[in-house]
Amino acid sequence: MRRRIFATVLLAAAGLFALAVPAQAATGVLVVNGVPHENPQRGCYPASRSPVSVENFTDVTVLVHAAADCRGPVTAQVEPGQSATAVGGSYFVF
């Protein structure tokens with residue numbers, strides 16, 4: 001009986017630890033429409049205007065989406081060290 005309780009507590013603790021992993025941020029600077037963003041968090045962001053100009057000086061890929069809320073087709077995939085200008089309503093930082 002004690003082994004079952006110990007195993008259950010151990011599994012619960014492992015589950016809580018897995019959920020406590022912090023969100024990752026990109027390392028570097030992402031310049032969107034001339035505005036620099038240092039170490040941007042992973043996620044979807046609205047574009048201030050279209051076309052969207054992206055200069056990616058981070059260590060992650062950025063996707064420009066045609067519509068708001070990172071919906072619609074991807075109009076540009078901007079790898080680290082690259083830049084692009086594309087029609088878009090939002091962008092996603094990986």
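The largest nonpolar core of this predicted model has 14 residues, and those with the most contacts inside it are Leu30, Val52, Val54, Val62, Val64, Tyr91 and Val93. A nonpolar core is here a set of buried Ala, Val, Leu, Ile, Met, Phe, Trp, Tyr and Cys residues joined through side-chain atoms within 4.5 Å, where buried means under 20% relative accessible area, exposed over 50% and partly exposed in between, with a 1.4 Å probe and protein chains only. At least two residues of this core come from each of S1, S4, S5, S6 and S8. In soluble globular proteins, nonpolar side chains tend to be buried together. Valine 62 touches Leu30, Val54, Asn56, Ala76, Gln77, Val78, Tyr91, Phe92 and Val93, when residues up to four places away in sequence are not counted; a contact requires heavy atoms within 4.5 Å.

Residues are numbered from 1 along each chain as its sequence is written. Local features need pLDDT of at least 70 and side-chain atom pairs count only at pLDDT 80 or more, while totals for chains, interfaces and linings use all residues; side-chain values use heavy atoms, with hydrogens and water left out.

Turning to the chain as a whole, its secondary structure comes to 1 helix and 8 strands, arranged from the N terminus as α-β-β-β-β-β-β-β-β. Helices (H or I, at least four residues) and strands (E, at least two) are DSSP runs, numbered from the N terminus. Of the 94 residues in the chain, 30% are buried. Among contacts between residues at least 6 apart in sequence, 51% join residues at least 24 apart.

One open sheet has 4 strands in the order S3-S8-S5-S6, with antiparallel pairing; two strands pair if DSSP finds at least two bridges between them. Strand S3 (43-46) and strand S6 (74-78) stand at the edges with a single partner strand each, so one side of each is left without a neighbour in the sheet. Direction ignored, neighbouring strands of this sheet are turned by 20 degrees against each other on average, the axes being lines fitted to C-alpha atoms (for helices over the stretch in contact) and angles running from 0 to 180 degrees between N-to-C directions. S3 is joined to strand S8 (residues 90-93) by 4 bridges, the two running antiparallel, and tyrosine 45 has tyrosine 91 in S8 as its bridge partner.

Strand S4 (residues 52-58) pairs with S1 through 5 antiparallel bridges and with strand S7 (residues 83-86) through 4 bridges, also in the antiparallel sense. Valine 29 is matched with phenylalanine 57 in S4, while glutamate 55 stands opposite serine 83 in S7. The side chains of S4 alternate: Val52, Val54, Asn56 and Thr58 point to one face and are buried, whereas Ser53, Glu55 and Phe57 point to the other and are not.

Two further positions deserve a look. Asparagine 33 lies in the loop between strand S1 (28-32) and strand S2 (35-38), and counts as buried because its relative accessibility is 8%. Beyond its neighbours within four places in sequence, asparagine 33 is in contact with Ser48, Arg49, Pro51, Val52 and Ser53. Its C-alpha atom is separated by 7.8 Å from that of arginine 49, 16 residues apart along the chain. Histidine 65, in strand S5 (residues 62-65), is buried because its relative accessible area is 9%. Leaving out residues up to four places away in sequence, histidine 65 touches partners including Cys70, Arg71, Val74, Val87, Ser90 and Phe92.
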